[in-house]
Amino acid sequence: MHCPFCRHPDSRVVDSRATDDGTAIRRRRQCPSCQRRFTTIEAASLTVVKRSGTTEPFSREKVLSGVRKACQGRPVTEDRLALLAQQVEESIRTAGAAEVEAHDVGVAVLAPLRDLDEVAYLRFASVYQAFDTLEDFAAAIAVLRAERDAGSGGTSGGDASTGDASTEGARAEEPAGRTT
Ligand SMILES: [Zn+2]
């Protein structure tokens with residue numbers, strides 16, 4: 001790695017630590033020639049394959065801007081958005097592939113966004129899954145309602161909680177058939 005100041009072809013690592021999210025290593029380096037210090041960041045390369053077949057490096061900023069658009073006017077803070085983008089990147093990197101389809105990045109956004117804000121989720125899903133008709137929205141809303149009903153049943157009654165785990169699982173599968 002060339003020194004960015006004097007172009008000396010070598011540098012010495014003086015400190016090395018993982019970033020907060022653990023997906024990269026930050027190294028503090030010193031140039032043995034000019035003695036100046038600089039930082040490099042090392043992360044596993046993650047390539048996104050677009051539908052057209054072209055590739056680009058994974059960009060958390062890109063995830064963030066897509067989700068931010070869907071959250072316009074919604075009570076969602078920048079901090080929550082940043083956290084969501086981080087969760088998305090972590091879930092993709094944890095899967096361990098060096099290449100992911102752009103589609104899979106969208107899939108990874110859906111679940112955490114649904115937990116964050118249902119309206120934003122519907123907006124994102126409508127663009128990302130190309131909702132064409134009102135029925136597409138109605139079906140997506142039916143899924144949200146079914147899961148909300150299943151969830152509220154579990155939290156309200158303490159004694160019913162034992163049986164709930166199995167019914168929740170069954171209901172989560174149901175909505176796909178319900179669209180017909
Ligand atoms: Zn130098």
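## A zinc site, two sheets and a helical core

Three strands make an open, antiparallel sheet here, in the order β1-β2-β3. The edge positions go to β1 and β3, and because each has a single partner strand, one side of each is left without a neighbour in the sheet. Direction ignored, neighbouring strands of this sheet are turned by 25 degrees against each other on average. All of this is read from a predicted model, so keep that in mind as we go.

Between β1 and β2 there are six bridges, and the two strands run antiparallel. If you want a pair to click on, take S16: its bridge partner in β2 is R27.

**The overall layout**

Stepping back, the protein has six helices and six strands. Reading from the N terminus, the order of elements is β-β-β-β-β-α-α-β-α-α-α-α. Of the 180 residues in the protein, 31% are buried. As for contacts between residues at least 6 apart in sequence, 43% of them join residues at least 24 apart.

**The zinc ion**

Which residues hold the zinc ion? Its protein donors are the SG atoms of C3, C6, C31 and C34, at 2.2 to 2.4 Å from the metal. The four donor atoms make angles of 106 to 118 degrees, and the site is tetrahedral. Along the sequence, the spacing of the donor residues reads C-x2-C-x24-C-x2-C. That ties distant parts of the chain together: C3 belongs to the segment before β1 (12–18), while C34 sits in the loop between β2 (24–30) and β3 (37–43), and the two are 31 residues apart.

Are those two cysteines buried or exposed? C3 has a relative accessible area of 0%, so it counts as buried. C34 comes out at 28%, which makes it partly exposed.

The loop that carries C34 has another residue to look at. Q35 lies in the loop between β2 and β3, and its phi is positive, about 70 degrees, although it is not a glycine. Most residues other than glycine have a negative phi. A130 is another case, with a positive phi near 50 degrees; it is found in the loop between α4 and α5.

Here is how some of the residues named in this report stand in terms of accessibility:

| Residue | Relative accessible area | Class |
|---|---|---|
| C3 | 0% | buried |
| C34 | 28% | partly exposed |
| Q35 | 45% | partly exposed |
| A130 | 47% | partly exposed |
| E61 | 48% | partly exposed |

E61, in the last row, lies in helix α1. Its C-alpha is 7.9 Å from that of A85, with the two positions 24 residues apart in sequence terms.

**The second sheet**

There is another open sheet of three strands, in the order β5-β4-β6, and this one has mixed pairing. The edges belong to β5 (55–57) and β6 (99–101); each has a single partner strand, so one side of each is left without a neighbour in the sheet. On average, and with direction ignored, neighbouring strands of this sheet are turned by 30 degrees against each other.

How many bridges join β4 to β6? Three do, and β4 (residues 47–49) runs parallel to β6. Within that pairing, V48 stands opposite V100 in β6. A helix comes in here too: α3 packs on the sheet, touching β4 and β6, and its direction makes about 75 degrees with that of β6.

**The nonpolar core**

Now for the helices. The largest nonpolar core counts 29 residues, and the members that touch the most others are V63, V67, I92 and L113. At least two residues of this core come from each of α1 (60–70), α2 (78–95), α3 (102–116), α4 (118–128) and α5 (134–156). Which helix gives the most? That would be α3, with six residues, the helix that also packs on the second sheet.

To see the core from one residue, centre your view on L113. Setting aside neighbours within four places in sequence, L113 is in contact with V67, C71, L84, A120, Y121 and F124. V67 shows up on both counts, as a contact of L113 and as one of the members touching the most others in the core.

Methods:
Residues are numbered from 1 along each chain as its sequence is written. This is a predicted model: local features need pLDDT of at least 70, side-chain atom pairs count only at pLDDT 80 or more; totals for chains, interfaces and linings use all residues. Side-chain values use heavy atoms; hydrogens and water are left out. Donors are N, O and S atoms within 2.8 Å of the metal (3.2 Å for Na, K and Ca); water is not among the atoms, so sites may look incomplete. Four donors count as tetrahedral if all angles lie between 85 and 135 degrees; four count as square planar and six as octahedral if opposite donors are over 155 degrees apart and all others between 65 and 115; anything else is irregular. Helices (H or I, at least four residues) and strands (E, at least two) are DSSP runs, numbered from the N terminus. Buried means under 20% relative accessible area, exposed over 50%, partly exposed in between (1.4 Å probe, protein chains only). A nonpolar core is a set of buried Ala, Val, Leu, Ile, Met, Phe, Trp, Tyr and Cys residues joined through side-chain atoms within 4.5 Å. Contact means heavy atoms within 4.5 Å. Two strands pair if DSSP finds at least two bridges between them. Axes are lines fitted to C-alpha atoms, for helices over the stretch in contact, and angles run from 0 to 180 degrees between N-to-C directions.
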